[in-house]
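Me: Could you walk me through some strand pairing in this model? I'd like to go one question at a time.

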Amino acid sequence: MGEFVVHRVRFFDYMPSAIRAMAFNGSTQRLAVARGDGAVEIFNFADNYFQEKVIPGRSDRAIEALCWVRGRLFSAGLSGEIIEYDLEKLRPRYSVEAYGGPIWTISSNSQETLLGVGCEDGTVKMFEILEERIQFQRNLDRQKGRIISLSWHPSGAQIAAGMIDMIRIFDAETGHATHRLLVERGVGTTRNTEVVVWSVAFLSNDTVISGDSAGKVQIWDAVTGTLIRNHLITKWDVLGLAVSQDESSVIAGTSEGTVVQFQALASTMGQENNQWVRTRTFKNHTHDVRALVHTDTAVVSGGMDTQLVVRPLLDKVEKNTQESALRKILFPHKSLVCCARKAGLLLFQFPDHLELWRLGESSAKGQAGDRLPVMKNPEKLIQLQNKGEDHICCSAVSPCGSWVAFSTVSSVRLYKLQLSNGNISIKKVSKLPKELHSVHQLCFSSDSSRLFASSAQASVVVASLDQLQCKHLHTAFSAFLSFPGSSQPIHLLSASENGNWLAAANTDGQIHVFNLHKLKLHCTLPVYSSCPTAIAIHPTTGHLLSAHADQQIFEFSLKLKEYTAWSRSLQREGLHPLWLQRDTPITHIAFNRNKPAHVFLHDAFMFCIIDQSLPLPQARKKLYNQMDLKTISPQKRMQESHAFKICKMFQHLLSIHLLDDSSLVVVERPLADIVSQLPPPVRQKKFAT
């Protein structure tokens with residue numbers, strides 16, 4: 001595998017934001033997740049749960065609910081606005097003021113013609129869903145308290161609204177309230193204690209299910225307005241409910257971090273009326289479970305502890321398959337760390353600022369596994385604060401460390417840095433080309449003379465850099481280069497070290513390669529069904545390596561415009577089953593100039609060097625065999641060796657980079673450090689306390 005001096009970095013204080021809301025689109029298998037900082041993430045469940053898009057947040061955007069309508073995504077929150085998002089430009093398309101104060105919930109009817117929102121002023125407001133926008137239609141009968149939760153009857157004729165101390169059922173056509181269901185206070189509470197109905201679900205058989213702040217899940221008959229069954233599942237709040245598509249199962253999320261499943265079961269054989277019975281309890285969170293989704297095969301949950309958990313229902317999936325594995329998505333599926341490999345600098349991206357650090361130094365020598373004394377500590381050189389409400393969506397530092405760029409959805413900023421005698425000066429480039437007004441991805445050339453950007457118009461912008469000037473050279477529109485009908489955002493950029501090529505990949509799985517000397521398209525790779533998660537161009541061979549969400553790897557010759565012999569062999573023999581079972585994507589690929597056959601790549605839990613000169617691992621052989629090889633004879637070691645050298649010494653990896661001096665920079669974010677910064681969970685009774 002080789003020996004490296006490793007800079008083990010743990011001073012990137014990345015802190016993910018809490019999950020506030022979720023919505024699942026069954027037809028496209030897309031899950032939308034809203035974070036506490038206003039960001040919205042889109043996960044493709046059909047593509048190994050890959051986080052294919054991120055819409056940056058805003059400091060003044062507090063999202064309380066999400067809703068899919070025919071592939072369109074809407075959100076509502078405490079600002080009192082309804083926002084529809086542009087999923088190609090990754091920004092809000094427009095917003096509509098509801099004029100009812102903060103909005104607590106949003107829901108569409110099953111016909112997908114109307115949106116209902118519950119407001120602070122006690123109104124349920126109806127909006128008609130038009131082709132390009134939404135339009136206010138009318139208010140339902142105004143109530144005295146805020147509307148906290150909503151659920152439509154599948155017929156679209158009625159809508160249930162959760163409030164404080166009660167549930168109201170409205171006739172959607174007349175707008176009048178037809179029933180008032182009074183919710184009991186919890187056991188042992190005072191008369192003045194209010195009960196908040198955090199979530200309601202309206203089923204096709206006229207059953208209403210509610211979850212409230214007294215820890216109860218209650219089953220109601222919406223026709224008679226009577227309580228059928230009461231389940232006390234926690235001493236704390238029931239914060240959310242989700243119903244399976246066939247309405248045979250309901251899940252409830254609590255403040256204790258548990259998710260409780262109820263199923264409609266017949267109490268006796270042959271009985272038609274099913275009873276709701278508590279069947280399972282899942283404990284995968286430490287804090288409040290704020291958001292829930294019930295898919296056909298899994299329970300998806302998220303909350304205050306920032307983790308997105310996909311818990312398979314084992315009676316719905318085949319055992320010992322990838323679908324039956326528990327998944328915890330902890331970190332973003334794109335890197336927030338950029339490395340100036342020639343200068344030994346690291347750029348850390350936060351939502352509202354950037355930090356540029358100089359790595360520590362050590363002059364000592366040692367053996368493999370030794371911890372070398374630090375002669376010079378890491379140093380934070382600058383902190384660039386973003387001005388305005390929009391959060392940073394991408395950033396980059398040039399390989400020499402003399403340029404730093406970042407972008408929000410509304411503007412791009414470029415800075416020139418000068419390091420001399422330990423002092424640093426920074427100057428902002430005041431005039432930027434108009435083409436650089438909003439970008440999704442930034443990348444510098446190897447010699448730091450050019451800046452590449454993927455714009456919101458699904459195009460690649462090339463700009464030249466000189467002193468304090470940035471000039472536009474060329475714009476390549478991928479809409480003209482790609483296959484018909486594709487205008488998906490470009491989420492990956494990679495420039496070759498010799499300055500000849502620039503590769504760009506979009507979320508439709510297309511990878512284009514541009515000739516930077518002729519400033520025109522060189523080739524388009526065959527489209528693979530899974531989205532690329534990392535791309536890189538080899539500095540000596542000129543081959544383009546791509547890793548995909550389904551863990552497949554391809555190598556393409558830019559000179560011959562075809563897959564290499566190694567790539568064809570890999571596809572013919574197949575990757576090791578344990579490699580394919582990994583549940584986090586490859587987020588970075590690099591190469592070692594001193595050993596051209598070595599490919600460096602990593603995900604969140606392992607670092608791998610692929611030696612292309614060695615045979616591929618067979619399915620019957622052990623994939624993780626590095627420790628075993630050290631204990632056997634050199635002759636047998638040659639027989640057992642294979643191309644995939646995997647190291648699991650480092651955990652919760654955010655980034656790994658190879659510097660020009662052949663040392664490795666490993667950026668870790670231990671989960672314990674994140675948990676230590678979370679607010680304390682609700683107190684739970686423990687044995688003998």
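Me: Happy to start. How many bridges join strand β35 to strand β36?

Reply: First, a word on the source: this is a predicted model, where local features need pLDDT of at least 70, side-chain atom pairs count only at pLDDT 80 or more, and totals for chains, interfaces and linings use all residues. Residues are numbered from 1 along each chain as its sequence is written, and side-chain values use heavy atoms, leaving out hydrogens and water. Strands here are DSSP runs (E, at least two residues), numbered from the N terminus, and two of them pair if DSSP finds at least two bridges between them. β35 (residues 403–407) and β36 (residues 412–420) run antiparallel, and the bridges joining them number five.

Me: Which residue in β36 stands opposite F406?

Reply: F406 lies within the β35 range, residues 403–407. Its opposite residue in β36 is R413.

Me: Why is one side of β34 and of β37 left without a neighbour in the sheet?

Reply: The open sheet has the order β34-β35-β36-β37, with antiparallel pairing. β34 (394–397) and β37 (423–428) stand at its edges, so each has a single partner strand.

Me: What does the twist average from one strand to the next in that sheet?

Reply: Strand axes are lines fitted to C-alpha atoms, and angles run from 0 to 180 degrees between N-to-C directions. From one strand to the next, the average is 20°.

Me: In the sheet β30-β31-β32-β33, which residue of β33 stands opposite H353?

Reply: This is an open antiparallel sheet of four strands, and β33 (379–385) is one of its edge strands. β32 (residues 353–358) pairs with β33 over six bridges. Opposite H353 stands Q385.
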